[in-house]
Structure formats: structure tokens, C-alpha cells
Amino acid sequence: MIYFDSDYMSGAHPEVLERLIATNAEQSVGYGCDGYTQRAVELIRKACDAPEARVQLLVGGTQTNATLIDGLLARHEGVLAAESGHIAVHEAGAIEATGHKVLTLPQHDGKVKAEEVERYIADFYRDETYEHMVAPGMLYISQPTEYGTVYSLQELEALSRVCHEANIPLYADGARLGYALAAEGCDFTLQDMARLCDVFYIGGTKVGALFGEAVVVSNPRLVPHLFPLVKQHGALLAKGRLLGVQFEALFTNDLYQRIGMRAVGQALRIREAFTAHGYEVVVPSPTNQQFFRLPNTVIDRLKQEASFELWGPRGDKESVVRFVTGWSTTDEDIDRLIALLQNAG
């Protein structure tokens with residue numbers, strides 16, 4: 001089988017794994033107080049041009065979202081998010097389990113629009129009974145979105161302006177941020193993310209690490225007690241060095257960028273193959289996630305040798321599918337998929 005289910009199907013990128021092996025026998029203090037973690041933090045601050053930012057390494061995406069969103073919100077507040085947002089759909093109520101409501105907005109290829117965020121907040125406070133309701137306390141976005149689309153710099157600036165005018169933080173889920181940075185037409189940088197977002201994270205789990213997400217708190221005043229917050233959520237890794245070693249490797253010799261560019265290039269080869277056969281591209285994704293509408297007969301033939309996901313319920317005659325590439329997707333994998341596609345139609 002060849003696998004295109006997700007970008008965490010394989011273990012760590014060889015350069016990350018080599019560093020883990022090379023440092024395996026060392027002993028160090030725990031909880032991220034080791035030298036590797038401190039060097040990783042400084043590399044991330046430098047990449048973000050944010051020397052005053054607080055950087056905290058956590059293990060997984062849902063854990064990170066639940067911890068930071070809980071820390072950013074007051075008890076009576078909820079988090080605004082696209083109705084397709086990960087926290088609204090695929091995190092099993094993790095945010096609600098912390099006592100906060102996800103307040104959904106319309107999605108446009110996975111994105112929210114600044115004017116609709118602004119309207120929601122304005123309408124909320126125009127209601128004389130607003131104190132009886134869950135207040136919009138922050139905005140959650142994914143960069144890239146769950147549909148593989150990417151917020152442009154102009155869109156990020158507009159969302160940041162709306163949030164700051166409303167005095168609520170902008171939080172970006174960057175589980176696949178490396179692939180957004182490598183996307184066709186990308187016009188934003190890590191420095192822009194740090195400048196425009198109050199909090200965001202740089203995903204490692206889906207971009208070459210065994211596990212790990214690097215939270216960047218651009219405005220540390222918003223989360224003054226980050227360390228105990230992480231501890232309370234069971235998110236503090238005792239062997240914190242394992243996170244530090246990985247992120248130090250990812251931010252050395254442009255590895256994070258190289259992984260993103262490689263995976264996006266492979267995804268675009270997949271898109272070219274499907275469009276050449278006349279199949280519909282469902283979402284205009286420039287990243288490592290590609291979505292197509294295929295006849296069920298073609299899906300069933302491909303499934304005999306290729307693993308990929310249905311995106312939603314199976315239709316009567318055709319269904320939407322998702323193909324995802326990662327650091328371990330080889331040219332041979334793509335060549336084999338193209339050959340399968342030629343014989344499946």
C-alpha cells in the first residue's frame with residue numbers, strides 16, 4: 001500500500017531522528033529547562049523576529065488548543081471559529097470540556113472573513129441581553145485551514161485589526177504551518193504571524209517531528225502564568241528535552257522549510273494528475289492537502305493499493321476524497337499513484 005491519509009503517518013524526519021539518537025544517552029533536567037529546549041526557543045524567536053515572545057513546547061495539537069484557549073478566555077467567554085474549524089469539528093468537544101463554547105462562523109473554503117467576525121461581535125453587544133450569553137472572547141483560525149487553503153497577508157492583517165479593535169486575542173492553529181509557508185503564492189512569513197497573532201503555534205507533529213508543537217505567545221501579558229497552565233492541563237512533558245531536540249533540528253539548516261516545500265511539491269504533482277484525468281478539484285488548496293470529487297468506482301479501485309480518506313460521508317455515486325503528502329512521500333509513491341489512476345478510470 002501507499003499512504004496518503006495524513007502527514008503524520010511516518011515517524012520523524014531522518015535529520016530529527018538522528019539528533020534524537022545522538023542525544024539519547026544524555027541526562028538533563030526535565031520540563032523544558034534543558035539546554036536543547038532553550039536553544040530551540042531562541043531559534044524560534046529568531047525565526048519569528050520576536051525576541052520577547054514566550055515560547056512553550058507542547059506535545060500535540062488538540063492538547064495545545066485546549067490548553068491555550070482555556071488560558072486566554074475568561075470563564076464567561078467562548079472562542080469564535082469557522083464552522084469547519086478543527087476545534088469545532090474534530091476535537092471531540094475538547095474546548096467545551098474546559099467549560100468554553102465554540103462560537104461558529106460561516107466558512108469560506110475553510111476561512112473566516114474579517115467583516116463577518118466584526119459583525120458578530122458588534123451584533124452581540126447590540127443585544128441588550130448580552131450578559132446572559134457567552135461572549136466572544138477570542139478568534140481561532142487555522143493556518144492553513146482544514147481545507148488546505150491559506151490566509152493571505154491582507155486577510156491576516158484584516159483579522160488582526162478586527163480582533164485588536166474589539167480587544168480580543170487572535171489565535172492561530174499552525175499544525176500544518178510549514179505547508180502554508182511553502183504554498184504557491186504565499187505572501188506572509190513567520191515574522192508576520194508573530195506580529196499579527198497574539199498567540200500561534202508552529203506544528204511539528206505533522207511537519208517532520210515524532211511529536212510536538214511550539215507555542216509562540218507574542219503578547220506574554222495575555223497568558224502570564226503559562227507554565228502552571230500547561231501543567232494543570234497535563235501537557236507538561238517531563239522529558240522535555242525530547243521536544244527541544246526536535247525543534248532545534250527543525251530550525252537548523254532550514255529543515256522546516258525544506259520539509260514544507262518537498263511535501264507541497266508532491267501534492268501539486270497529485271493535483272496535476274487528477275486534473276489531467278478530468279476530475280474535479282473541490283477546494284483550491286495550494287498546500288499538502290488536496291481534495292477531489294471522484295466516482296465511487298474509481299475510489300474503490302484506487303483503495304485496493306492506495307490509502308486515503310473520504311472527506312465526509314460516502315455519496316451514492318461519487319464522493320469527496322483527501323490526499324495528503326508529508327516529508328516521507330517519495331517520487332515513487334507519486335509515480336505509483338499516477339499509474340493506479342490511469343488504470344482506475
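Here is a short walk through this predicted model, one selection at a time.

**Stop 1: the whole chain**

Start zoomed out, with everything shown as a cartoon. You're looking at 14 helices and 13 strands. The radius of gyration is 20 Å, close to the 20 Å that the globule rule gives for 345 residues, so the chain is as compact as a globular protein of that length. Turn the view along the principal axes and the C-alpha atoms fill a box of roughly 60 × 60 × 35 Å.

Now switch on the surface. Its accessible area comes to about 15,300 Å², and carbon and sulfur atoms own 49% of that. Underneath, 53% of the 345 residues count as buried. If you like drawing contacts, take those with a separation of 6 or more: 73% of them link residues 24 or more positions apart.

**Stop 2: helix α3**

Select residues 61-72, which make up helix α3. How far apart should the ends of these 12 residues be? At 1.5 Å a residue, the helix should span 16 Å, and its end C-alpha atoms are indeed 16 Å apart, so the two agree.

Next, show the side chains here and hunt for the buried ones. Gly 61, Thr 64, Asn 65 and Ala 66 are buried, and so are Thr 67, Leu 68, Ile 69 and Leu 72.

**Stop 3: strand β10 and its neighbours**

Jump to residues 289-295, strand β10. Is it mostly enclosed or open? Since 5 of its 7 residues are buried, β10 is largely enclosed by the rest of the structure.

Add residues 280-281 to the selection: this is strand β9, which runs antiparallel to β10 and is joined to it by 2 bridges. Then add residues 318-324, strand β13, which pairs with β10 over 7 bridges, also in the antiparallel sense.

Click on Phe 292 in β10. Phe 292 is the bridge partner of Val 281, and in β13 it is partnered with Val 321. While the side chains are on screen, keep in mind that in a regular strand they alternate between the two faces of the sheet.

**Stop 4: the cysteines**

Finish by selecting the cysteines. A disulfide is a covalent bond between the sulfur atoms of two cysteines. How many disulfides are there here? The count comes to 0.

Take Cys 186 as an example. The closest cysteine sulfur to its own is in Cys 197, 13 Å away, which is too far for a bond. Cys 186 counts as partly exposed, at 26% relative accessibility. Cys 33, by contrast, is exposed, with a relative accessible area of 51%.

Terms used: Residues are numbered from 1 along each chain as its sequence is written. This is a predicted model: local features need pLDDT of at least 70, side-chain atom pairs count only at pLDDT 80 or more; totals for chains, interfaces and linings use all residues. Side-chain values use heavy atoms; hydrogens and water are left out. Helices (H or I, at least four residues) and strands (E, at least two) are DSSP runs, numbered from the N terminus. The expected span of a helix is 1.5 Å times one less than its number of residues. Buried means under 20% relative accessible area, exposed over 50%, partly exposed in between (1.4 Å probe, protein chains only). A disulfide is a pair of cysteine sulfur atoms within 2.5 Å. The radius of gyration is taken over C-alpha atoms; the globule rule is 2.2 Å times the number of residues to the power 0.38. Contact means heavy atoms within 4.5 Å. Accessible areas come from the Shrake-Rupley method with a 1.4 Å probe; for residues, only the protein chains shown count as cover. Two strands pair if DSSP finds at least two bridges between them.
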